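Reader: I'm new to this structure and would love a close look at one part of it. Could you pick a residue inside it and build the picture outward from there?

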Amino acid sequence: MSTDRGDPMRARFSASDEAWAAWQGPLREACPGVEFARDGDPAGFDAIIYAPGGDIEDFTPYRNVGLVQSLWAGVERIVTNRTLTQPLARMVDPGLARGMAEYCTGWAMRAHLGMDRYAQDGVWRNGQIPPLATQRPVTVLGMGELGRAVAAMLQGVGFPVTGVSHSGRPVEGATMHGVADLDAVLPGSDILICLLPDTPRTRNLLDARRLALLPEGAWLINPGRGTLIDDTALVSALDGGLGHAVLDVFRSEPLAPDHPFWAHRQVTVTPHIAAETRPRTAAPVVAENLRRLRDGRAPMFLVDRDRGY
């Protein structure tokens, strides 16, 4: 790849040392001819490969950069940066989507089969046969790339899936609703999976009133964003009849050792491991966007600054 001026394309990698160690090999393999650097004259770069933890806070000097490619699916930690005027693309990694689908399907199966009831305490608990997956309604709140991957895997197992998104656009195999219909959808959600991004419209979307609409014994799985749920309201809902919450994301991470979630018997905490960008599967996405930049075509997965994703 090279720029129109005949020089090799140069990309600034702005992320942690650990990220560079993991990414440099896959990026160089997927992007032959692109020069990746971790520092240098800002005016000499055509693109920036970015993840939180990097060393760029002011994007103003990077006047020749035509694309900032995020390595994360979520962009809430960069999209509000007022110095960022360059086009911003979020990461849509097929490996990340697959990982998210596996995480959500695994926990949905645990909820569906009632695996937690089989404590190894010498009690023979016979006669508690779960329904088939076809009788267990699952709602996926957020039907972007990740939500659609989760829905497809759940449908493959047999779960009937209802999807909720801001647009309400059709998704094959799922019954779709807009967020305006959420109150009507929640009472029929035995398992609720939360995958919405963090935006002003989604913060505390699941408050005390909405959590109370879920059926008794329902499971809530949140690998989306910690800001989607009112923490205090969730603890109260669990004490009042909600079945279980599997939480992978939190308002502050790592989760404080004294946070009530750790001690609650109906909460499972996982340490933000539901889905990670995988360099081997994501580097070709970066390569394609750099090719598009070189050829004067619109990059994939551009962020809408007004929506925040």
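Author: Happily! One word is needed before anything else: a residue is called buried when its relative accessible area is under 20%, exposed when that area is over 50%, and partly exposed in between, using a 1.4 Å probe and protein chains only. With 1% relative accessibility, Leu-234 therefore counts as buried, and this is the residue I'd like to start from.

A word on what you are looking at. This is a predicted model, in which local features need pLDDT of at least 70 and side-chain atom pairs count only at pLDDT 80 or more, while totals for chains, interfaces and linings use all residues. Residues are numbered from 1 along each chain as its sequence is written, and side-chain values use heavy atoms, with hydrogens and water left out.

Leu-234 sits in helix 6, which runs over residues 231-239. Helices (H or I, at least four residues) and strands (E, at least two) are DSSP runs, numbered from the N terminus. Leaving aside residues up to four places away in sequence, Leu-234 touches Leu-211, Leu-220, Ile-229, Leu-242, Ala-245, Leu-247 and Phe-261; contact here means heavy atoms within 4.5 Å.

Leu-234 has buried company in helix 6: Asp-231, Ala-233, Val-235, Ala-237 and Leu-238 are buried too. An α-helix has 3.6 residues a turn, so residues three or four places apart point the same way. The buried residues of helix 6 pack against helix 5 (208-211), strand 10 (219-222), strand 11 (244-247), helix 7 (260-263) and strand 12.

Now look at the two ends of helix 6. At its start, a side-chain oxygen of Asp-230 comes to within 3.1 Å of the backbone nitrogen of Thr-232. After helix 6 comes Gly-241, with a positive phi near 135 degrees.

Strand 12 deserves a short stop. It spans residues 267-269 and holds Thr-268, which is buried at a relative accessible area of 16%. The side chains of Thr-268 and His-244 make a polar contact at 2.7 Å. A polar contact is a pair of N or O atoms within 3.5 Å; within protein, one must be able to donate a hydrogen and the other to accept it, and residues adjacent in sequence count only if both atoms are side-chain atoms. Ala-245 and Leu-247, which Leu-234 touches, are also among the residues that Thr-268 touches.

Finally, step back to the whole chain. Leu-234 and Arg-28 are 206 residues apart in sequence and 45 Å apart in space, C-alpha to C-alpha. The protein chain has 8 helices and 12 strands. Its radius of gyration is 22 Å, close to the 19 Å that the globule rule gives for 309 residues, so it is as compact as a globular protein of that length. That radius is taken over C-alpha atoms, and the globule rule is 2.2 Å times the number of residues to the power 0.38. The C-alpha atoms fill a box of roughly 70 × 45 × 35 Å along the principal axes, and 49% of the 309 residues count as buried, Leu-234 included.
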